[in-house]
Amino acid sequence: MRILLLALRRLAASLPTLLLILVGLFLLLQLAPGDTVDALMAQMGGGDPAMMEQLRSFYGLDAPVLVQLTRYLWRLVQLDLGFSAIYGKPVSSVILERLPVTLLLMGTSLSFAFAAGMALGVLAARRVNKWPDALISTLGLIFYATPSFWFGMMGVVVFAIKLSWLPAGGFEDIGAGHTGLARLADIAWHLVLPVTTLALIFLATYLRIMRASMLEVLTLDFVRTARAKGLSQTGVLLRHVLRNALLPGLTLIGLQAGTMLGGAVVVESVFNLPGLGRLAYESVVQRDLNTLLGIVFVSALLVILVNFIVDLLYAKLDPRIAAER
Amino acid sequence: MTMTRRAALLSGAGLMLAGTAPVSSALAQAAAAPRRGGVLTVHLGSEQRILNPALRASTGVYIITSKIIEPLVDLGTSGRPEGVLATSWDASEDGKTITFKLREGVKWHDGKPFTSADVAYSAMEQWKKHLNYGTTLQLYLDAVETPDAHTAVFRYSRPMPLNLLLRALCDLGYIVPKHVFETGNVLENPANTAPIGTGPFKFVEYQRGQYIIAERNPDYWREGFPYLDRIVWRIITDRSAATAAMETGAIQLSAYNGLPLADLDRLKTDNRFEVSSRGVEANVFNNTLEFNTRRKELADVRVRRALVHAIDVPFFLENFLYGLGKPATGPIPSSSTDFFPNNPVPYPYDKAKAEALLDEAGYKRGAGGIRFSLRIVPIMNGEDVPLLATYIQQSLQQIGVRVEIVQLDIAGALTAVYRDWNFDIATGWHQYRGDPAVSTTVWYRSGSPKGAPWTNQYGWQSDAVDKLIDDAASEIDPVKRKALYADWVKAVNEEIPVAMLTERPFYAVTSKKVQNHHSSPRWDSGDFHDTWLLPS
C-alpha cells in the first residue's frame with residue numbers, strides 16, 4: 001500500500017514535467033523547416049501542388065498551430081496518441097510493435113554491461129595499480145572511446161561477411177517460419193552482435209564507477225572492522241564492500257533509462273533492427289509529429305517507472321534510505 | 001553455419017571448374033530452363049507510407065507494388081510501351097479521344113473480375129484527383145467512358161499525344177479495384193497498405209520497419225507464371241547495412257542506387273554480383289544548379305553562365321562519383337532517344353571565360369579577391385549532393401565568389417528553396433521520367449504555386465518558354481513535338497535558370513543467382529513474372 005501511494009505521488013509530481021516536455025517539443029518541431037508532407041515529397045522524389053494540399057488537410061496540418069496543439073492535448077487526455085503519418089496507423093500500435101525489440105536489446109546489453117562492468121570493476125579494484133587493473137582500465141577506455149557504429153560495422157565485416165558466423169542484421173529470419181524455442185534461438189542469434197556492440201560501450205562506464213566506489217568504500221572504517229573481526233577477504237568484499245559500492249552503479253542505471261529508448265539509434269541502424277531509436281530518427285526526418293511525441297511520452301513514462309524501481313532497490317540495499325522516508 | 005561454409009566451398013569449387021566443359025554446358029542448360037520456386041529477397045531503402053501506385057508515383061512504391069498491381073501498359077523488352085491490362089489502343093484524328101481495349105479473363109486477387117469500370121475509377125478518382133504528376137497529366141481528362149466491360153474510352157478536352165500518354169501510363173497508369181475503393185475516404189482505405197491487384201504476386205504481410213511479403217498468384221492471367229514462390233522486401237535504411245546484407249546473401253537485389261557509391265564501385269569487380277544500369281534506363285537523373293534570380297547578381301544571365309562555366313563537371317564525376325555518369329547537355333538526357341536534340345554541353349568548364357563574364361557584368365574582384373557571396377542550399381536527395389555542394393563552393397571560390405553552405409535536412413531544404421525562396425543557389429536532383437512533359441518542363445514553366453517542390457520557384461519567367469512547353473504538351477505529331485522540345489532545350493540553355501550539371505543513370509546490384517533480370521528499361525519497377533532463381 002505504501003509503495004502504491006509512493007508510486008502515485010511520483011506520477012502526479014511528474015505530470016507537469018511531462019506536459020511541459022510535450023508542449024515544448026511540439027512547439028520546437030514547429031520551428032523545424034518543412035512538415036511531414038514536404039518530407040513525403042522528398043521521399044517520393046516528386047510531387048505536385050494539388051496532392052500536397054490534399055495531404056496537408058488529410059494530416060490536419062492546415063489548421064493553425066494552436067488548434068493543432070489543443071487537438072493533440074485533448075486527444076492525449078483521452079489517452080489517444082493519434083495517428084502516425086509514416087505508418088498510417090495509430091501511434092500506440094506503432095510504438096507497441098517496436099517496444100519489445102528495443103526493450104530486449106537495451107535490457108540485455110545493460111544487464112550484460114552492468115554484470116561484466118561490476119565483475120571487472122571489482123577485479124580492478126582488488127588489484128589496483130597492478131597489471132590487471134591497468135589492462136582492464138585501458139580496455140574499458142578504448143571501448144568507451146570507440147564510436148558504436150564503427151564497432152558495429154567491424155563486427156558485421158568480420159563475423160558476418162568474412163567468417164559467415166553470425167547474421168549481418170535484422171531481428172529474425174524472415175519467412176523461415178520458426179516458432180517457439182527455434183524462433184527464440186533465432187532471435188538470440190541475430191542479437192549477439194548488436195548486444196555486444198552496445199554492451200561494450202556501456203561497459204566502460206559501469207567498470208569505472210564500480211572501481212572508484214569500491215576503492216572508496218574499501219577505505220571506510222566498517223571495512224577495517226570487518227577485517228578485524230577476522231572475516232575472509234572474499235567475505236569482506238562481497239558482503240560489506242560490494243553492497244555499498246553498488247549504489248552509484250544503480251543510480252547510473254536509473255539515469256541511463258532515459259537514453260534506453262532512443263539511445264540505440266546507431267546500433268539499430270547498423271544492424272537494421274526495428275526498434276524505437278530508429279523509429280524516433282525516422283519520425284524526425286519525416287516530421288511525423290504524432291509518432292515523435294508518442295515516443296517521448298512513452299519514454300518519459302518508462303523513465304519514471306525505472307527510477308521508481310531504482311528507488312525501491314536503494315531502500316533494499318541501504319536500509320538508511322528507507323528510514324529517512 | 002556449416003551450411004554456409006559448405007556452400008562457400010561448393011561455390012569455390014564451381015569457380016575453379018568454370019572453365020571446363022561439363023560445368024559450362026550445365027550452366028547454359030540452366031539458363032535455358034527456368035526453375036520454379038524460391039524466394040527472392042529485395043532491398044527496400046525506405047519505408048513507404050502507402051502501397052498504392054495509383055495514389056503515389058515513386059520508385060520506392062513501384063519496387064513493391066508493381067508485382068501486385070498492374071498498369072495498362074508497361075515498358076517491355078523492346079523498350080517501348082507494351083500492353084499489360086490493355087491489349088490495344090487507338091487515338092482519334094483530333095487526339096482528344098483515346099480508346100483502350102482491355103484484357104479479358106483477368107481476376108483481382110479477391111476473385112472479382114477486372115473490368116473497364118476499374119479503369120474508369122482509377123483514372124477519374126485516383127490518377128486525376130490524387131496521383132502526383134497524374135493530376136497534371138490528366139488535367140484535361142473529362143471522362144472515361146465504358147461502352148462495354150472491356151473497352152475504356154478516355155475523353156480529353158485538349159489533344160493528348162498518344163506517345164506521351166502511353167509512356168506516362170507506364171508509371172502513372174496502375175489500375176486498382178473499384179469495388180475495394182469506392183466507399184469511404186480514398187486516403188484512409190486499408191487496401192492502401194494491403195494492396196489488392198491483378199499481378200503475378202499476392203500481398204501477404206507488411207511488418208512496419210522490417211519487411212513486406214508477397215506470394216505467387218496461382219490464378220495469374222499469364223499462364224504458367226510467375227516462377228518465384230515469394231518475394232520478400234527487406235526494409236534496410238542504412239546503406240552500409242544493405243551492402244552487408246547483399247554480401248552475406250540476405251538480399252539478392254538492390255535497385256536505384258540503394259547501396260553507397262563506394263560499394264557500387266567495389267562490388268563491380270566481385271563476381272558474385274552484377275552492378276549495372278541495364279534495365280534501369282527508364283529513370284535518369286541530373287545533378288542540378290538552381291539559381292534564385294530574385295538575387296540582383298543572379299538576375300543577370302551572364303553571371304549564371306559564368307557560375308556554370310566555373311564548375312569542372314568531368315573532374316567531379318571522375319573523382320567524386322567513381323565515373324558513374326557524364327556531363328549533361330540540358331534537361332533532356334542523351335538516353336532519351338525520342339527527344340534528345342543532340343546538343344553539346346552548353347557551358348563547359350572554362351575558368352577564364354567565367355571570370356571575363358563576371359567582369360563584364362560589373363562584378364569585379366574586390367577586397368580579398370571577392371566579387372560577391374552566395375548561400376547554397378543542398379537538397380539531400382543522395383550522398384553525392386553534399387559532395388557537389390562542397391565542390392561548387394570550392395570551384396566558385398576560384399573565380400572570386402564566396403559560397404556559404406546552408407545545412408538542412410531534405411524536408412527543410414525543400415521548404416527553404418521552393419516555399420520560402422530563402423536561398424541564392426541550390427543543388428539537388430532532377431529526375432527525367434521518359435517524356436519531358438511528365439516532370440521536367442515544370443522546372444521551367446511559370447505559374448507553379450509557391451511551395452511545390454521541383455518546380456520553377458526561381459523568380460524566372462519567359463513567355464516564349466511557357467508557350468513552347470504548352471504547345472509541345474498538346475502536339476500530337478511526334479516529329480513536330482520533338483522539334484518543339486529541341487527549341488525548348490535551346491531556349492532554356494540560353495537563359496539557364498537551372499543548370500543540369502551531370503547526367504547519371506541509376507545502378508542496380510543483382511546477385512548472379514537471379515536469372516532473367518533487368519530485361520526491360522524499368523525492370524525494377526516491373527512485375528518479375530518471368531524472373532527465377534538458381535538453386536542455392
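Modeller: A salt bridge is a side-chain nitrogen of Lys or Arg within 4 Å of a carboxyl oxygen of Asp or Glu. In this predicted model, the count between chain A and chain B is two salt bridges.

Biologist: Happy to start there! What makes B:Asp409 and A:Arg287 a salt bridge?

Modeller: Their side chains meet with N to O at 2.8 Å. The cut-off is within 4 Å, so the pair qualifies as a salt bridge.

Biologist: Why is helix 2 of chain A called roughly perpendicular to helix 15 of chain B?

Modeller: The axes of helix 2 (residues 36-44) of chain A and helix 15 (residues 410-419) of chain B cross at roughly 100 degrees, coming within 8 Å. Angles of 65 to 115 degrees count as roughly perpendicular, and therefore the name fits this pair.

Biologist: Which residues make that contact?

Modeller: From helix 2 of chain A come A:Asp38, A:Ala39, A:Met41 and A:Ala42, and from helix 15 of chain B come B:Ile410, B:Ala411, B:Leu414, B:Thr415 and B:Arg419. By class, this helix contact has six nonpolar, one polar and two charged residues.

Biologist: And what does the whole interface bury between chain A and chain B?

Modeller: The two chains bury about 4300 Å² between them, with 56% of it on carbon and sulfur atoms. In chain A, the residues losing the most area to chain B are A:Met44, A:Phe58 and A:Ile174, together 14% of what that side buries.

Biologist: How many residues does each chain bring to the contact?

Modeller: Chain A gives 51 residues and chain B gives 55. Between the chains there are also 12 residue pairs in polar contact, both at pLDDT 80 or more.

Note on methods. Residues are numbered from 1 along each chain as its sequence is written. Chains are lettered from A and ligands numbered from 1 in the order in which they are written. This is a predicted model: local features need pLDDT of at least 70, side-chain atom pairs count only at pLDDT 80 or more; totals for chains, interfaces and linings use all residues. Side-chain values use heavy atoms; hydrogens and water are left out. Axes are lines fitted to C-alpha atoms, for helices over the stretch in contact, and angles run from 0 to 180 degrees between N-to-C directions. Helices (H or I, at least four residues) and strands (E, at least two) are DSSP runs, numbered from the N terminus. Angles under 35 degrees count as roughly parallel, over 145 as roughly antiparallel, 65 to 115 as roughly perpendicular and the rest as oblique. Contact means heavy atoms within 4.5 Å. Ala, Val, Leu, Ile, Met, Phe, Trp, Tyr, Cys and Pro count as nonpolar, Asp, Glu, Lys and Arg as charged, and the others, Gly among them, as polar. Buried area is the accessible area (1.4 Å probe) that two parts lose on being put together, summed over both. A polar contact is a pair of N or O atoms within 3.5 Å; within protein, one must be able to donate a hydrogen and the other to accept it, and residues adjacent in sequence count only if both atoms are side-chain atoms.
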